Structures are given as structure tokens and as C-alpha cells.
Amino acid sequence: MNNKLKDFARWLKSQGINSKIPSDIDKLKNLSVLDLSKSKIRELPESISSLESLTVLKLSGNRLTKLPHSIGELKNLRNLQCENNLLDELPKTIGDLESLLILNLNGNKLSSLPDEFYKLKRLTRLTIAANSLDSLSKELKNLSRLLYFSLDTNNLKELPEVFENMTSLYYLDLSYNSFTKLPKSISEIEELETLLLEGNDIQDLPSLEAHDMLIKLNLNDNNISTINFDISKLEDLQLLTLDNNNLEYLPNSVCELEKLNCLSVSANKLKELPQCIGKLENLLELDIDENKIKEFPESFYKLTKLKNLYIEDNDGLSKPDLESLEFCDI
């Protein structure tokens with residue numbers, strides 16, 4: 001092991017980064033946090049496995065095309081940050097990181113994940129955004145402890161039915177993929193608070209009705225022409241964005257969202273707002289830019305908490321006389 005430590009110390013020196021990391025063998029052996037972010041590293045040595053006490057490894061912002069096979073020997077590693085590299089595959093040994101809780105693989109070139117990846121059963125936070133993933137295994141169900149899961153900006157067309165096991169998941173980002181439908185099991189995520197679906201083509205909106213704990217829902221840029229589900233069932237919803245769709249009207253059920261703070265429906269085909277919109281008594285921000293709205297309904301003037309209003313590019317709308325209003329883009 002001492003030879004491996006010496007090899008790693010030599011590698012640090014050869015990379016010109018030993019000034020901020022102890023090169024003393026005993027200190028290296030007990031090192032718990034290693035930050036090699038933005039160090040222009042192209043490759044990690046296999047001798048990194050000698051850092052037995054490592055709990056946090058930061059490798060973001062480098063030029064890594066692969067990770068060493070020996071990385072699986074870091075049995076105490078809890079947090080691995082490998083964002084913005086050039087990884088096009090992961091070693092099978094990544095599944096041996098039995099203590100790993102947090103894994104960030106955003107901004108790489110991954111098109112698939114090895115089967116062993118799904119052995120990371122202790123993961124609570126997983127981010128694999130901005131890669132080239134086109135499928136995920138049904139073994140994803142093994143990651144049942146996930147709390148935070150980001151898959152945005154990949155090439156995914158569908159997801160396996162695995163979410164019934166992720167009952168504590170509170171954040172799910174599926175934006176900018178090629179989804180046309182959602183797995184039915186998503187409705188079984190009991191504690192989901194944030195669901196981001198922007199930039200897809202999702203039409204099976206009724207599956208969303210089960211999420212009565214949802215606080216934030218983003219359905220921007222989904223080619224939605226109608227809200228074909230009872231949105232009032234999302235009784236805890238505070239932020240709803242439906243920008244860049246094809247909506248010609250909003251259903252009256254939107255007015256039942258008593259906790260709604262922010263409603264954004266810019267760049268649609270709306271000709272009017274619901275007559276009952278005044279019931280959204282906690283609304284702080286409303287964005288209706290780029291629609292075809294001619295006037296505000298009478299109840300609009302009951303929005304006594306409204307602070308920010310965006311109404312540009314409509315059909316002659318002018319700034320309303322609302323005492324609470326702090327900003328209007330006209």
C-alpha cells in the first residue's frame with residue numbers, strides 16, 4: 001500500500017498540483033477530501049485506490065475520458081463529483097462503491113450505464129444531466145433511496161416502470177429528452193415536490209393527478225394544447241409554468257390552486273384568462289407574455305398580492321391599476 005501511496009504522490013507532483021494536496025505519505029493515507037477540480041487532468045492513476053480514508057472526491061471540470069478500474073476500492077467514498085468531463089463510459093467497478101451517497105456525472109458523453117451501476121443502492125442524490133443516454137435498465141429500481149434525481153438533456157424516449165420503489169424521491173428532472181409519456185409508476189412517488197418536464201412532448205398529463213404534494217411543476221415547451229386532467233388535485237402547487245405550448249384556454253380548475261404563487265403561461269395562444277382567476281389570492285407573479293389576450297377579467301383585480309406582471313405582446317393590454325404591483329413590463 002505504501003508503494004501505491006508513493007506512486008500517487010509522484011503522480012500529484014507530475015501534474016503540478018501537489019502544492020495544495022499533502023504529499024506526505026501518512027497524511028495522504030488519512031486524506032478524507034480530495035479536490036482535483038479544474039486541474040486539467042486527462043487521466044487518474046490506478047494508485048488512487050491507496051487513499052483508503054477518502055470520503056469525498058471532486059474531479060469536475062477536467063478532461064477525463066475514463067475513470068480507473070481501481071476506483072471501486074474506495075470503500076468509504078460517499079461523494080463523487082465528476083461533472084463536465086469527457087467520460088464516454090464508466091468502469092464496471094463503480095458498482096463496488098458501497099458507501100456512495102452522492103454522484104454527479106453531469107456534462108459528460110455517457111450513452112449507457114454498466115449493469116453494475118445499479119448496485120449503488122445507497123445513492124440519495126444522482127445527477128446525469130447533459131449526457132447522451134438513450135435508455136436505462138429496469139434495475140434502476142434498486143436505487144430506491146434516491147431523494148434527488150436529474151436526467152435532463154439526454155436522448156431518452158421512455159423510462160422503465162421503477163418509481164414505485166422510490167417513495168422518498170422529492171426532486172425529479174426529466175427535461176429536454178424525447179418523452180411522449182410518463183411511466184405510470186411515477187404516480188406512486190409519494191413525496192414528490194418538484195417535477196420538471198420541460199422540452200419534451202408529453203401528452204398523458206392525467207398521470208400527474210396523484211401528486212398532491214407537488215410544489216413545482218414545469219411543463220414548458222411540450223406542445224400541450226389542453227390541460228386534460230384535474231389540475232386542482234395538485235393542492236400544494238406553488239409554481240406552475242406552461243410556457244411555449246399551444247394552449248388556447250386555461251381550465252377553471254386552475255383557480256382552485258389556493259397556494260399558487262407563480263403562474264407562467266407565456267408564448268401560448270390564450271385569448272382570455274379564466275373569469276375566476278381572482279380566486280388565486282396568493283399569486284405573487286403572473287406571466288402572460290406573447291398571447292392574444294385583450295383584457296383582464298373582472299376578478300383579476302382581486303389579486304391583491306400580485307407583485308410582478310408580464311403582459312407584453314398581447315392584444316392591447318395595458319398596465320392594470322393594482323396597488324400591490326411592483327413591476328409590470330409595460
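Lys294 counts as exposed because its relative accessibility is 59%, and exposed means over 50%. This lysine sits in the loop between strand S12 (285-287) and strand S13 (308-310). Together with Lys269, Lys271 and Lys292, Lys294 forms a patch of positive charge on the surface. The model described here is predicted.

**Overall build**

- The protein chain has two helices and 14 strands as its secondary structure.
- Its C-alpha trace spans about 80 × 40 × 25 Å along the principal axes.
- The protein chain has 330 residues, and 52% of them count as buried.
- Taking contacts between residues at least 6 apart in sequence, 21% join residues at least 24 apart.
- About 15,500 Å² of the protein chain is exposed, with carbon and sulfur atoms supplying 41% of that area.

**Charge on the surface**

- The protein chain carries 39 positive and 54 negative charges, and the mean positions of these two sets are 10 Å apart.
- A patch of negative charge on the surface is made by Glu161, Glu164, Glu188, Glu190, Glu191 and Glu193.
- Within this patch, Glu193 belongs to the loop between strand S7 (171-173) and strand S8 (194-196).
- Glu193 counts as partly exposed because its relative accessibility is 31%.

**A buried leucine in helix H2**

- Leu28 is part of helix H2, which covers residues 25-29.
- Leu28 counts as buried because its relative accessibility is 0%, and buried means under 20%.
- Leaving aside residues up to four places away in sequence, Leu28 touches Leu5, Phe8, Ala9, Leu12, Ile21, Pro22, Ser23 and Leu51.
- One of these contacts, Leu5, is 23 residues from Leu28 along the chain, and the C-alpha atoms of the two are separated by 7.2 Å.

**Salt bridges**

- Side chains of opposite charge can pair when their charged atoms come close.
- The structure holds four salt bridges, among them the pairs described below.
- Lys119 and Asp96 meet through their side chains in a salt bridge, at 3.5 Å from N to O. This pair links distant parts of the chain, 23 residues apart: Lys119 is in the loop between strand S4 (102-104) and strand S5 (125-127), and Asp96 is in the loop between strand S3 (79-81) and S4.
- Lys119 is partly exposed, its relative accessible area being 47%, and Asp96 also counts as partly exposed, at 28% relative accessibility.
- A salt bridge joins Asp236 and Lys259, with the closest N and O atoms 2.8 Å apart. Here too the pair links distant parts of the chain, 23 residues apart: Asp236 lies in the loop between strand S9 (216-218) and strand S10 (239-241), and Lys259 lies in the loop between S10 and strand S11 (262-264).
- Asp236 counts as partly exposed at 22% relative accessibility, and Lys259 counts as partly exposed at 43%.
- Lys279 and Glu256 form a salt bridge in which the closest N and O atoms are 2.7 Å apart. Lys279 is in the loop between S11 and S12 and Glu256 in the loop between S10 and S11, so this pair ties together parts that are 23 residues apart in sequence.
- Lys279 has a relative accessible area of 44% and is therefore partly exposed; Glu256 has a relative accessible area of 38% and is partly exposed.

Conventions. Residues numbered from 1 in each chain as written. Predicted model: local features only at pLDDT ≥ 70, side-chain atom pairs only at ≥ 80, totals over all residues. Heavy atoms only, no water. Patch = residues over 30% accessible without salt bridge, like charges linked within 9 Å, V, L, I, M, F, W, Y side chains within 5 Å. Areas by Shrake-Rupley, 256 points an atom, 1.4 Å probe, with all protein chains shown as cover. Lys, Arg positive; Asp, Glu negative; His and termini not counted. Charge placed at Lys NZ, Arg CZ, Asp CG, Glu CD. Helix = DSSP H or I, 4+ residues; strand = E, 2+ residues; numbered from the N terminus. Buried < 20%, exposed > 50% of the residue type's maximum accessible area, 1.4 Å probe, protein only. Contact = heavy atoms within 4.5 Å.
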